Amino acid sequence: MVTLKHIAEKAGFTVSVVSRALNPRPDRHARVAPDTKARIEEVARELGFRRNRGAEFLKRGKSPVIQIFLPGKAYSQTADLMFGMAEAAAKEDFPLSFSFGITENSYSHFLQSAIRNRSCGVLAVQPVMAPGFWSRFEPAIDSLKMLSLNARSASPGHVPVLSIGYQEAGSLAADHLVARGCARLAVIGRAPQRILGFQGSARLKATPVHCFQPSETTALASWIREAAKPVGIFALTDILALKVIRHVQRLGLRVPEDVRIVGHDDSEFAVHLDPALTTIRQPYREQGREAVRMIIRMMYGETVDSKIIQPALIVRESA
């Protein structure tokens, strides 16, 4: 077992300095220089030093386990979130406990468990909830160190939110299509925040936007035929983008010469399409890492503000 003494001997510092450097809650009069702290942390990692999080939080009457609630469906985004969370938690020696669900009732049971078990930290992708949901948990909910992910319903005032930039994704798509010479734009799918971002950015450039539901293939085909080319289409998922590409090709038109298409999700198949799909990548894995980093800071008494993680435009052949 690696001890502070082992780290001190290899790093060339005293045990007391090593202890202060590795203390997540150092006294303000006992801080160490950043370069010293970095060196000690590097040596600790090399030696395989692991913090005893269990003993640390049990002394405070808390469970050392970070409890996590994620959607109970096999989305690739959920997997990316889990991978990111696991990577960051392993680095900081925190155990994780995952719960899954898609209903208000399953989320309610999760919160009751977190309160009952006195969890040190809670991360949750909230389902859509009815008004008054949080009143069931007052004042017990105030005792939780909690971070919401991509919240679609209001959270308690003390709970910050870490979100993916959904409106920003729409703005990226509109800006790119306009820059690629599309004087007529359309969006297809159901994702209100992405649509708002797309419409808002297009409006700033005085470019009209037509909105279509996935079932409105006939109306979309008529619009494509009649609009001056090239037209730009933002499909709100990559699956929808694939369907639009096939639909355009059946009309005897070309992608990207006549119709320029941007998808959303950067699915594994996007790069293998013909033409390869320009799309929006949402950094869920990084969101998972950042969520764990933020909740750990909260667990040690820091105030954490809500934050948006920006998406990225992946430019390929379709637009």
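Let's start at Asp265, which sits in the loop between β9 and β10. This is a predicted model, and in it the phi of Asp265 is near 130°, a positive value in a residue other than glycine. Why is that worth a pause? Because most residues other than glycine have a negative phi, and most peptide bonds are trans. As for its surroundings, Asp265 is partly exposed, with a relative accessible area of 25%.

The loop between β9 and β10 also holds Pro275. Which kind of peptide bond runs from Asp274 to Pro275, cis or trans? It is cis, and omega there is near 5°. You'll find another cis bond between Val255 and Pro256, with omega at about 15°. Pro256 belongs to the loop between α10 and β9.

One more backbone spot for you: Ala206. Its phi is near 55°, again positive in a residue that is not glycine. Look for Ala206 in the loop between α8 and β7, where β7 covers 209-212. Is Ala206 buried or exposed? With 71% relative accessibility, Ala206 counts as exposed.

Now let's step back to the whole chain. You have 11 helices and 12 strands to look at. The C-alpha trace spans about 75 × 50 × 35 Å along its principal axes. Of the 319 residues, 46% are buried. And if we take contacts between residues at least 6 apart in sequence, 72% of them join residues at least 24 apart.

So what sits inside? In soluble globular proteins, nonpolar side chains tend to be buried together. Here, the largest nonpolar core has 26 residues, and Ile66 and Leu123 have the most contacts inside it. Elements giving two or more residues to this core are the strands β1 (63-71), β3 (119-125), β4 (146-149) and β5 (161-164), along with the helices α5 (76-91) and α11 (284-299). Which of them gives the largest share? That would be α11, with eight residues.

If you click on Leu123, you can see its neighbours. Leaving aside residues up to four places away in sequence, Leu123 touches Ile66, Gln67, Ile68, Phe69, Met85, Phe110, Leu147, Ala291, Val292 and Ile295. There is also a second, separate core of 22 residues, and Leu220, Val231, Val255 and Ile261 are included in it. We met Val255 a moment ago, at the cis bond to Pro256.

Next, helix α10, residues 238-250. This helix has 13 residues and reaches 18 Å from its first C-alpha to its last, close to the 18 Å expected at 1.5 Å a residue. Its buried residues are Asp238, Leu240, Ala241, Leu242, Val244, Ile245, His247 and Val248. What do they pack against? The partners are the strands β6 (184-188), β8 (231-235), β9 (259-264) and β10 (278-281), together with helix α9 (217-226). Just after α10, Gly252 takes a positive phi of about 80°.

Last stop: the largest pocket, which holds about 920 Å³ of space. How many residues line it? The lining has 28 residues, and those nearest the centre are Tyr75, Arg152, Tyr166, Arg194 and Tyr284. Sorted by class, the lining has 14 nonpolar, nine polar and five charged residues. Two helices, α5 and α8 (192-204), each supply at least two residues of it. Helix α5 may sound familiar, since we saw it among the elements of the largest core.

That's the tour, thanks for listening!

Conventions
Residues are numbered from 1 along each chain as its sequence is written. This is a predicted model: local features need pLDDT of at least 70, side-chain atom pairs count only at pLDDT 80 or more; totals for chains, interfaces and linings use all residues. Side-chain values use heavy atoms; hydrogens and water are left out. A nonpolar core is a set of buried Ala, Val, Leu, Ile, Met, Phe, Trp, Tyr and Cys residues joined through side-chain atoms within 4.5 Å. Buried means under 20% relative accessible area, exposed over 50%, partly exposed in between (1.4 Å probe, protein chains only). Helices (H or I, at least four residues) and strands (E, at least two) are DSSP runs, numbered from the N terminus. Contact means heavy atoms within 4.5 Å. On a 1 Å grid over the protein atoms alone, a cavity is a set of points where a 1.4 Å probe fits but cannot get out, and a pocket is an open set with protein on both sides within 12 Å along at least five of seven lines; lining residues have an atom within 4 Å of a point. Grid points are joined across faces, edges and corners, and a volume is the space filled by probe spheres set on the points. Ala, Val, Leu, Ile, Met, Phe, Trp, Tyr, Cys and Pro count as nonpolar, Asp, Glu, Lys and Arg as charged, and the others, Gly among them, as polar. The expected span of a helix is 1.5 Å times one less than its number of residues.
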